[in-house]
Amino acid sequence: MSAVAAATTERTRRVRTRTGLTATIVAVIASVLAYALQGLGVEGQTPAGLVTYGIVFAVLALGGWYAVRRLARDADPVLYPTAVLLGGLGLAMLYRLMTARNHPEFATEQAVWLAVGLGVLVGTLALVRDVRQLDAYTYTIGLAGLALLLLPIVPGIGTEINGARLWVNLGFVTFQPAEAGRILIVIFLASYLGQRRELLATGVGRFGLPRAKDLGPILLAWGASLLVLFLERDMGASLLLFGVFIVMLWVATGRWAYLVLGLILFAIGAYIGYLAFSHVQVRVDAWIHAMDPNKVADEGYQLSQGWFAFASGGMVGTGLGLGSPTLIPYVGSDFILAAFGEELGMLGVSAVLLLYLVIVGRGLRIAVERHDSFEKLLAVGITTVLGLQVFVIAAGVLRLIPLTGVPLPLVSYGGTSRVASAIAIALLLRTSAGPYFRKRRMRPTTKDDDTQVAV
Amino acid sequence: MDRQIRRLGIAFVALFAVLFAQVAYVQVVAADRIANEPANAPRQIKAEYSVERGQILAANHTTVLALSKPNPDPASPYKYLRYYPNGELWGQLTGYYSRIYGRTGLEQAMNPYLSGTAPEFATQNLTDIILGRPKRGGTVITTLVPRVQATARRALGTHQGAVVAIDPSNGDILAMYSNPGFDPQALSTGSDQQIEKAWQQLVTDPDTPLVSHAFQDLYLPGSTFKTITASAALENNWPPTKTWKNPHHLDLPGTDTFIQNFGDEFCAGGASQVTMEEAFTESCNVPFAEIGMALGADKMSAQAQAYGLCKIAPVVGQPAPCLNDTIPFILPWQTGRFPQASYFDNNEAALARSSIGLDNDLLNPLHIALIASAIANGGTLYDPRLVTEVRDATTGQTITTFDQKEFSHPLTSTSASELRQMMVNVVDHGTATLAQIPGVVVAGKTGTSANTHGPPNAWFTSFAPAGQGQTARIAVGVIVLDGGDLGNEATGGQVAAPIAKQVIESYLQQQG
């Protein structure tokens with residue numbers, strides 16, 4: 001490496017450091033401000049312990065940033081602050097919602113989970129020094145992922161809540177393994193497809209159709225998705241699983257046929273699901289008829305209340321703590337976007353969605369920048385899962401598609417979801433940073449060098 | 001793979017674009033329509049209560065009929081509370097503003113202005129949003145004169161009944177009070193339980209305080225209706241001096257019933273002939289029944305319609321609905337009623353009774369005061385006006401005005417002048433001498449209409465000053481229900497006329 005090139009790298013690094021630190025500070029300020037505002041809105045005064053909250057939040061967020069910088073020096077500088085901002089805004093909104101429901105301790109619980117998530121993020125970065133080391137455990141990880149996905153089915157520990165069997169109760173802890181399972185599946189797919197993409201990409205016949213024996217995996221994934229739908233009655237998880245598989249397959253092979261085939265299979269699966277399950281029919285019915293006068297207070301209640309929240313918020317919203325989002329059932333989890341819509345308006349919702357779009361953009365950019373196909377596919381997979389999940393819940397809440405209950409990543413109520421999102425962000429950071437080697441840090445030879453380059 | 005990844009990026013941008021489009025649709029394009037759905041009531045009420053609702057003021061711009069003040073309880077979802085400083089004095093006019101039972105009266109009629117949602121507020125609201133100022137409703141300015149209203153309440157005293165005072169030159173309502181009234185405060189502030197309890201009391205009260213006798217009820221007008229019959233005669237060029245047969249009883253054609261004078265007295269001492277003028281002064285029924293029959297159904301119905309009474313097709317045992325729209329008013333009200341001409345076909349007896357304010361004739365104090373106003377101002381019937389303008393609460397600028405409007409010309413100025421003189425006679429030496437005011441020429445007409453059960457209702461309609469060439473400044477309609485404190489002995493002249501007198505006096509004194 002020539003001195004000039006080294007200096008350039010160093011300068012890029014410094015710019016990145018500065019960008020990352022500034023963005024993190026902005027995210028901290030915005031998050032703490034949102035927390036203060038919700039208190040003013042809900043109770044007419046700044047929340048008690050605002051200073052403590054601000055200090056703890058700032059120390060954790062900046063500490064996290066420092067740890068990321070140490071462990072993944074060349075990591076994407078935007079991802080971490082964006083995640084912090086989403087987490088901070090979500091937490092402020094949860095405090096607002098839970099205070100109105102006289103259970104602020106639920107929000108504090110989520111604050112703890114957010115901190116745990118940060119720990120997991122740093123821990124993942126510390127543990128996974130090089131993402132490619134995951135490429136070595138293709139099937140172990142795949143099986144582990146499948147096991148996690150299907151864990152709720154196991155009698156005795158699987159628990160059914162609200163008609164969906166998503167929970168695992170181990171006696172001392174209850175959690176939703178689906179999201180963590182999805183990440184493992186993505187790692188498996190990145191590994192599996194990375195190894196076989198050449199093979200899968202060759203087609204036969206005039207339309208370059210995949211060979212019959214290559215259809216195995218896609219049918220298997222389709223079956224697994226249907227299995228999740230049938231056994232756990234979790235439309236959201238099933239949709240995400242199949243969606244990410246098809247996208248990764250298409251990206252890996254570049255063959256449109258897989259995409260078309262996937263869409264056809266999706267349509268068939270959705271139709272079977274609609275016929276087989278009354279709760280799917282109820283969801284579809286509620287989606288179409290949410291605003292009908294005779295359903296608006298019953299089947300359509302949650303969706304219509306969500307719409308009312310958005311509509312009442314209008315362009316700029318009522319202001320944090322000044323709307324009535326607590327009229328919406330499950331506003332803290334599935335419907336938290338409607339709470340943003342009511343109190344921060346179209347501008348606030350657009351800002352939140354844009355933050356996700358930033359994450360998606362950075363994730364795909366990381367995929368383009370990496371040269372290893374496993375790394376590329378991993379970044380694509382994680383980004384797709386995240387982006388699709390945001391789309392599915394946002395479009396569900398906005399009544400673009402039938403509602404499937406998945407949390408809004410990083411924002412919604414839910415400990416498992418936060419930990420899973422933290423792992424996802426950590427993997428993207430690690431992928432973008434490249435492997436971590438414990439070596440002497442390169443320094444520019446002299447300060448003058450720097451100046452010369454800069455001029 | 002990079003090609004696919006870039007395409008995937010485009011696909012995500014497209015997916016999110018769909019989300020942004022839907023957000024814009026729900027939150028901006030269709031926002032008003034969605035937010036105004038009835039099922040969104042909790043948010044609508046909360047939004048309404050977070051606006052500082054405009055005040056309702058009397059004509060003097062200082063007396064406050066209704067105002068909003070910040071809620072002392074910061075934890076309440078309702079940021080402002082509605083207050084009515086004068087309690088029940090204006091209750092039936094302002095109406096109530098209740099988060100449970102909705103709005104009535106001016107609170108309902110003027111709601112777009114009071115809440116600042118009327119289109120006229122668009123610019124102001126936008127400025128408020130940009131400057132971060134709280135949204136405020138407009139100030140509604142009424143035509144009401146507090147002193148006259150207070151006098152009306154005091155003059156009625158414990159009597160059930162109503163008083164309406166109107167400025168004859170433009171139809172402005174100076175006072176409109178009905179006893180018993182209600183205090184809107186009880187329905188507007190307090191806990192849900194308190195409001196529900198107050199509501200239960202009001203709706204179960206047999207005296208129906210939520211309904212104003214002044215303009216929301218209808219009663220047989222009795223002899224006050226003779227102002228209409230006399231108008232029809234004068235318009236038919238039958239002068240006040242035209243003589244009519246004056247039997248003790250008038251047998252009604254086609255029936256075995258007859259019409260007698262009030263108290264079965266002889267009119268004009270039992271003279272065989274009597275002028276319309278004399279019959280009017282003494283309020284004799286027999287000659288006016290003759291006049292009505294002589295005019296015929298078409299002319300009687302036409303005259304009643306010209307005065308704004310709506311047409312009805314009476315059915316025995318049921319209240320008949322109006323067949324046509326007549327005089328508009330800002331508050332929901334009952335206009336007077338008179339049968340359409342065809343009802344009197346082969347039913348002369350009904351025409352005779354209708355000519356003296358019986359049968360299916362119906363009026364209320366507001367309508368009788370409008371009729372008096374038309375006579376007083378030389379023949380123009382104005383729409384009653386309660387609100388003159390709406391002003392910006394902050395700057396005081398006028399946002400919108402409500403102009404006076406003519407409804408009809410029920411009689412010529414000549415007829416009006418002749419009828420005025422006939423009404424002056426009533427007060428000077430007729431049935432309403434108790435309405436005399438020293439130094440002021442008062443015109444009036446009494447009425448006493450029997451109730452099916454209990455003592456009669458006493459009426460009086462009047463205006464002043466009513467001298468030759470004078471401009472009348474106030475017209476008053478009064479009803480005292482169930483005879484007031486005179487019971488069966490009650491007459492319009494005894495019970496209602498003194499009330500009108502006090503109201504007229506209070507207004508003319510104030511005017512100087």
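**View 1. Helix α8 lies across β7 and β8 of chain B.** Helix α8 covers residues 146-156 and runs at about 30° to β8(B). Helices here are DSSP runs of H or I with at least four residues, strands are runs of E with at least two, and both are numbered from the N terminus. Angles run from 0 to 180 degrees between N-to-C directions, with axes fitted to C-alpha atoms, for helices over the stretch in contact; contact puts two C-beta atoms, placed from the backbone, within 7 Å. This is a predicted model, where local features need pLDDT of at least 70 and side-chain atom pairs count only at 80 or more, while totals for chains, interfaces and linings use all residues. Residues are numbered from 1 along each chain as its sequence is written, with chains lettered from A and ligands numbered from 1 in the order written.

**View 2. β7 meets β8 in chain B.** Strand β7 (residues 161-167) pairs with β8(B) in the antiparallel sense, over 7 bridges. Pairing takes at least two DSSP bridges between strands. Which residue is the bridge partner of B:A162 in β8(B)? That's B:S178.

**View 3. The whole open sheet of chain B.** Its 5 strands go β8-β7-β21-β20-β19, with antiparallel pairing. β8 (172-179) and β19 (443-449) of chain B each have a single partner strand, so one side of each has no neighbour in the sheet. On average, neighbouring strands are turned by 5° against each other, direction ignored.

**View 4. Helix α16 lies across four of those strands, β7, β8, β20 and β21 of chain B.** Helix α16 (residues 365-376) runs at about 150° to β21(B) (474-480).
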